[in-house]
Amino acid sequence: MTSQREITISPTTRIEGHGKVTIILDEAGNVSDAYFYATEIRGFDYFLRGMEADRLPFIISRICGVCSTAHVLASVKAIENIYGTEITETAKKLRELLLMGQIISNHSLVFFFLILPDFWFSKEEDPSKRNAFQIMRENPEIGRKAIALRSFATKILDTIGKREVHIVSAIPGGLISPLKEKEREELLKAAKEACAITQEAVSLGKELFEKNWEEFRKAGDYKTHYMALTDDDAIEFYEGKIRILNPEGDVFSEFAAQDYMKHVEEKRYEWTYAKFACLKALGCQKGIVQVGPTARVNVNKKTKTEFANRELEEFKRKFGSPTHATLLFDYARLIDLLYACERTRELLEDESITRTDTRVKVKPKGGVGTSVVEAPRGTLAHEYALTRNGRLKSMKLIIPTQVNSAAINLNVKDAATEFIRKGEIKPGLLNRIEMVVRAYDPCIKCATRNATDSLKVEIRNHEGRLLKILS
């Protein structure tokens, strides 16, 4: 924390990528504004121009080491939409299985390692002790189960995706190889254990949430629109229609995933390298929308698996629908996790998933194609324009964190306003703001794609003194 008129939290901890919070105070020492922003640039939109289409999925996965599988699947679907390719049912099942592995990997990491300390310790706890390792010292069994769940997810990605990170099996037209029967049996056995661990995690999360709810509900209750994939009113991750609810819970619009870019637009701000995204019909002032676990629960009435559906019904009974409390992202994420484990087991119980028809021939051609999947953090869209000889002419990605950025900033300002009055900072400010940011599980690495005139280079001497700014 720095000057009298500006408070800086950098970096924000236990999130994906490098983020920073700046709180601006007015002359009376009260909060006048607050910003959560990305501090680095990636630039995939620019350096991939001219790339051959069949190489795009492999390179675009490098945009993120955490949600790379979702990017690969969105990428191959966008290319297939341009080519007019229909993949086989076997390939669809295997791709959905990969996506479930991605959800299990991410959500188990977020719950056990990133947000559980927020549940476990009081917000006034010393930040040096407020971490997963302290919890595991106190309860080693939690650590064992966290690692077991992460290992299961990794095994799915390694077996079907042929790599633990940055999978290489998904290509335009399907997958390069089928799942073997022995592999199916081994994964199915592990899936049953993963489901049991996840049910325990859900129980633990609910217990801690119940204990802290009165405190958690103060962390933000901002009413926005919500957006997610849906299939027959059920939570869906791989395909389906896009549904948007208004803050009162009525359907604002519903459309095919291919029309995503007609309904969502991007906005740039000079103070961040992350692009924002909002509803085109309402503009970015009124069209703030959220995606991710809470949005999936708000938009849908059910899940297609037994235990996750029970938890979803209980969630709606407790908190209503739609619900707006920011920290309910953490609760809803556990429902996602349980669904992903159950759906994984269902897919593996289907012996037809080992059929060998995993790939069809594609006929490359030019055009524009859009695709959508539900990534761990929410609705992820890729749109490519290919030339007639199959090279990338232009690319547009709308990342879940871009969509959530407006809501994150509003919540950060609310939290700062609660803890800062007339220049006096109450204890717990740092923990509260980081809890709010972490609830969204932002992926800064994916969202930092804005290279504009705002790009500045600071030149400092060896003592850190600013010598010159180049812009």
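This passage describes the fold, cores, cysteines and selected residues of one protein chain.

The model is predicted; local features were required to have pLDDT of at least 70 and side-chain atom pairs pLDDT 80 or more, whereas totals for chains, interfaces and linings use all residues. Residues are numbered from 1 along each chain as its sequence is written, and side-chain values use heavy atoms, with hydrogens and water left out.

The protein chain contains 15 helices and 19 strands. Helices (H or I, at least four residues) and strands (E, at least two) are DSSP runs, numbered from the N terminus. Of the 471 residues in the protein chain, 58% are buried; buried stands for under 20% relative accessible area, exposed for over 50%, and partly exposed for values in between (1.4 Å probe, protein chains only). The protein chain exposes about 19,700 Å², of which carbon and sulfur atoms supply 48%. Accessible areas were computed by the Shrake-Rupley method with a 1.4 Å probe, and for residues only the protein chains shown count as cover. Among contacts (heavy atoms within 4.5 Å) with a separation of 6 or more, 68% link residues 24 or more positions apart.

Strands 13, 14 and 15 form an open sheet in the order 13-14-15, with antiparallel pairing. Two strands are taken as paired if DSSP finds at least two bridges between them. Strand 13 (367-375) and strand 15 (392-398) are at the edges and have a single partner strand each, so one side of each has no neighbour in the sheet. From one strand to the next, the twist averages 15°. The antiparallel pairing of strand 13 with strand 14 (residues 378-386) extends over nine bridges, and glycine 367 has leucine 386 of strand 14 as its bridge partner. Helix 13 (residues 400-419) packs on the sheet and touches strand 13, strand 14 and strand 15; its direction makes about 40° with that of strand 15. Helix 3 (residues 68-83) lies across strand 13 and strand 14 and runs at about 150° to strand 13. For these angles, axes are lines fitted to C-alpha atoms, for helices over the stretch in contact, and values run from 0 to 180 degrees between N-to-C directions.

The largest nonpolar core comprises 122 residues, and those with the most contacts inside it are Ile23, Ile104, Leu116, Ile160, Tyr384 and Ile433. Helix 4 (residues 89-120) gives the most to this core, contributing 15 residues. A second, separate core has 17 residues, among them Met227, Ile244, Ala257 and Ile398. A nonpolar core is defined as a set of buried Ala, Val, Leu, Ile, Met, Phe, Trp, Tyr and Cys residues joined through side-chain atoms within 4.5 Å.

Isoleucine 135 belongs to helix 5 (residues 132-138) and is buried, with a relative accessible area of 1%. Not counting residues up to four places away in sequence, isoleucine 135 touches Leu116, Pro117, Trp120, Phe121 and Ile142. Isoleucine 135 and leucine 116 are 19 residues apart in sequence, and their C-alpha atoms are 8.6 Å apart in space.

Helix 14 (residues 429-439) has ten of its eleven residues buried, so it is largely enclosed by the rest of the structure. Its buried residues include Arg432, Glu434 and Arg438 as well as Ile433 and Met435. Asparagine 431 also lies in helix 14 and counts as buried at 6% relative accessibility. Between asparagine 431 and serine 122, which are 309 residues apart in sequence, the C-alpha to C-alpha distance is 9.3 Å. Aspartate 441, which follows helix 14, has a positive phi near 50°.

The structure holds one disulfide, the term denoting a pair of cysteine sulfur atoms within 2.5 Å. Cysteine 278 is joined to cysteine 284, with an S to S distance of 2.0 Å. The torsion about this S-S bond is about -65°, so the disulfide is left-handed. Cysteine 278 is buried at 3% relative accessibility, whereas cysteine 284 is partly exposed at 23%. Cysteine 195 is in no disulfide, and its nearest cysteine sulfur, that of cysteine 341, is 5.1 Å away. Cysteine 341 is likewise in no disulfide. Cysteine 195 is buried at 5% relative accessibility, and cysteine 341 is buried with a relative accessible area of 0%.
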